[in-house]
Every structure is written in C-alpha cells, then in structure tokens.
Amino acid sequence: MKELSLHILDITQNSIRAKAKCVKLQIIESLVENELTIIIEDDGCGIPENQLAGVTDPFVTSRTTRKVGLGLSLFKAAAEACGGSFLISSTEGVGTKVVGSFRRDHIDRAPLGNMADTILTMIMSFGETDLYYEHDYNNQQFILNTREIKETLEVESLNEPEILNWIREHVMEGLKEIQEIMEET
C-alpha cells in the first residue's frame with residue numbers, strides 16, 4: 001500500500017466486522033527515537049486463541065467473500081521491512097490490539113498519508129461504532145473522540161455534511177498545530 005493510512009483503514013474495517021463498539025487509534029511519532037508507531041485497538045469479539053498465530057498468513061481469513069486476507073500480513077511486512085516490528089494480541093469477547101512500529105526515517109517506509117481524510121472515511125464507514133483518535137507528535141497531542149462529539153451535538157450519527165466538514169477541518173488544524181509547536185521549540 002502506498003500510504004500507512006490505507007493499512008489503518010483496512011485494519012479498522014476488521015474491527016467493524018468484529019462488531020466493535022469503539023475503535024481506538026493511536027499514532028505516536030517521535031523524531032528523537034526515530035520511530036512511528038500505529039496502535040489500533042478495539043472492543044470487538046476478539047480472535048480465538050487457536051487462530052491468532054495464523055492471522056498474518058495471507059491465506060488465512062475469516063471472510064467468506066474471498067479466500068485470502070492480506071491486511072494484517074501486508075501491515076506486518078511493511079513494519080518489518082522498515083526495521084520495525086508487528087504485534088497482535090486478542091482475547092475472545094474482549095477485543096483485539098494491533099501494533100505496528102516503523103523506523104521513521106527508513107527509506108522504504110511509506111508516508112503516513114492524509115489522516116484527516118482517513119479519519120473522515122473511518123467515521124463515515126463506522127456506523128454506530130465510536131472512534132477515539134490520538135496522535136502524538138513529539139509529545140504534543142491531538143485527540144478526537146466521536147462519542148464526545150455526538151454527546152455535545154446531541155446526535156446519534158456524525159454522517160451529516162456539515163459535521164463531517166467540521167471534523168475534517170478540526171483534524172487538519174489539530175495535526176498542523178501539534179507539528180508547528182515542535183517546529184517553534
């Protein structure tokens with residue numbers, strides 16, 4: 001995949017298929033540690049222990065629409081190709097956690113991608129599932145919590161054009177702000 005954000009979209013769709021009520025996405029960028037870490041955690045149905053070891057095998061999938069599942073295997077390969085690591089843990093009935101770590105300056109590391117559009121796409125496809133997004137750029141944080149937005153606006157869905165436009169702008173401005181704070185110091 002050309003951007004890491006596409007991996008994020010693919011893996012979070014697994015969370016939706018697992019009937020997650022909340023998906024937590026954390027992105028941690030550290031220039032000092034030369035690391036980019038992506039953590040995706042959900043409260044879905046989890047993966048049975050006897051299937052967990054094989055989930056990064058492209059020919060192992062729980063989907064019935066096709067016989068291969070490339071999402072996790074490609075994400076793992078991308079992380080490991082960049083001097084990073086991959087970890088997946090899951091408990092049936094509790095949820096799943098996927099962690100991909102990348103050497104930030106590795107020549108083969110794909111760019112993160114447009115996170116504002118990625119977050120917007122996630123929100124539009126999540127239905128009732130909530131998203132907690134935390135982006136840490138050198139210890140400066142931006143947080144977006146769709147549950148809080150729904151409560152503030154007193155709505156059940158964020159799939160209205162005005163709300164989606166506001167969310168996109170809010171994410172763009174928030175990410176720009178945390179990156180500019182570090183450039184000033």
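Q: Which residues does Ser-101 touch, not counting residues up to four places away in sequence?
A: This is a predicted model, and here Ser-101 sits in strand β4, which covers residues 95-103. Leave out everything up to four places away in sequence, and the residues Ser-101 touches are Glu-35, Leu-36, Thr-37, Ala-79, Gly-84 and Ser-85.

Q: What distance goes with the polar contact between the side chains of Ser-101 and Glu-35?
A: Glu-35 is among the residues that Ser-101 touches. Their side chains are also joined by a polar contact, and its length is 3.3 Å.

Q: Is Ser-101 buried or exposed?
A: The cut-off for buried is under 20% relative accessible area. Ser-101 has a relative accessibility of 9%, so Ser-101 counts as buried.

Q: Which helix gives the most to the largest nonpolar core?
A: That core has 44 residues, and Leu-25, Ile-38, Ile-119 and Tyr-133 touch the most other members. Seven of the core's residues come from the helix that gives the most, spanning residues 115-126: helix α4.

Q: Which Phe residues are in contact with Ile-38, leaving aside neighbours within four places in sequence?
A: Ile-38 is one of the core residues that touch the most other members. The contacts of Ile-38 beyond its sequence neighbours include Leu-4, Ile-8, Leu-25 and Val-98. The list also includes Phe-75 and Phe-102.

Q: Why is the pair of Phe-75 and Phe-86 edge-to-face?
A: A search of the whole structure turns up three aromatic pairs. For Phe-75 and Phe-86, the ring centres are 6.1 Å apart. Planes over 60 degrees apart count as edge-to-face, and this pair is edge-to-face because its planes are at 80 degrees.

Q: Which residues form one aromatic cluster?
A: Phe-75 lies in helix α3 and Phe-86 in strand β3, so their pair ties together parts that are 11 residues apart in sequence. Both Phe-75 and Phe-86 are buried. The cluster is made up of Phe-75, Phe-86 and Phe-102.

Q: What covers the buried residues of α1?
A: Helix α1 runs over residues 4-17 and reaches 20 Å from its first C-alpha to its last. Its buried residues include Leu-4, Ile-8, Leu-9 and Ile-11. What covers the buried residues of α1 includes β1, β2, α3, β4 and α4.

Q: Which residue forms a salt bridge with Glu-29?
A: The whole structure holds six salt bridges. One of these has a partner in the loop between β4 and α4, while Glu-29 lies in strand β1, so the pair ties together parts that are 75 residues apart in sequence. Both partners are buried, and the closest N and O atoms are 2.9 Å apart: the partner of Glu-29 is Arg-104.

Q: How many residues apart are Arg-168 and Asp-117?
A: These two form a salt bridge, with the closest N and O atoms 2.6 Å apart. Arg-168 is in helix α6 and Asp-117 in helix α4, so the pair links distant parts of the chain, with a separation of 51 residues.

Q: Which residues do salt bridges that share partners join into one network with Asp-130?
A: Arg-147 forms a salt bridge with Asp-130, the closest N and O atoms being 3.2 Å apart. Arg-147 lies in helix α5 and Asp-130 in strand β5, so this pair ties together parts that are 17 residues apart in sequence. Salt bridges that share partners bring Asp-130 into one network with Arg-147 and Lys-150.

Notes: Residues numbered from 1 in each chain as written. Predicted model: local features only at pLDDT ≥ 70, side-chain atom pairs only at ≥ 80, totals over all residues. Heavy atoms only, no water. Helix = DSSP H or I, 4+ residues; strand = E, 2+ residues; numbered from the N terminus. Buried < 20%, exposed > 50% of the residue type's maximum accessible area, 1.4 Å probe, protein only. Polar contact = N/O pair within 3.5 Å; in protein donor to acceptor, adjacent residues only side chain to side chain. Contact = heavy atoms within 4.5 Å. Core = buried A, V, L, I, M, F, W, Y, C linked by side-chain atoms within 4.5 Å. Phe/Tyr/Trp six-rings, centres within 6.5 Å; stacked < 30°, edge-to-face > 60°. Expected span 1.5 Å × (residues − 1). Salt bridge = Lys/Arg side-chain N within 4 Å of Asp/Glu carboxyl O.
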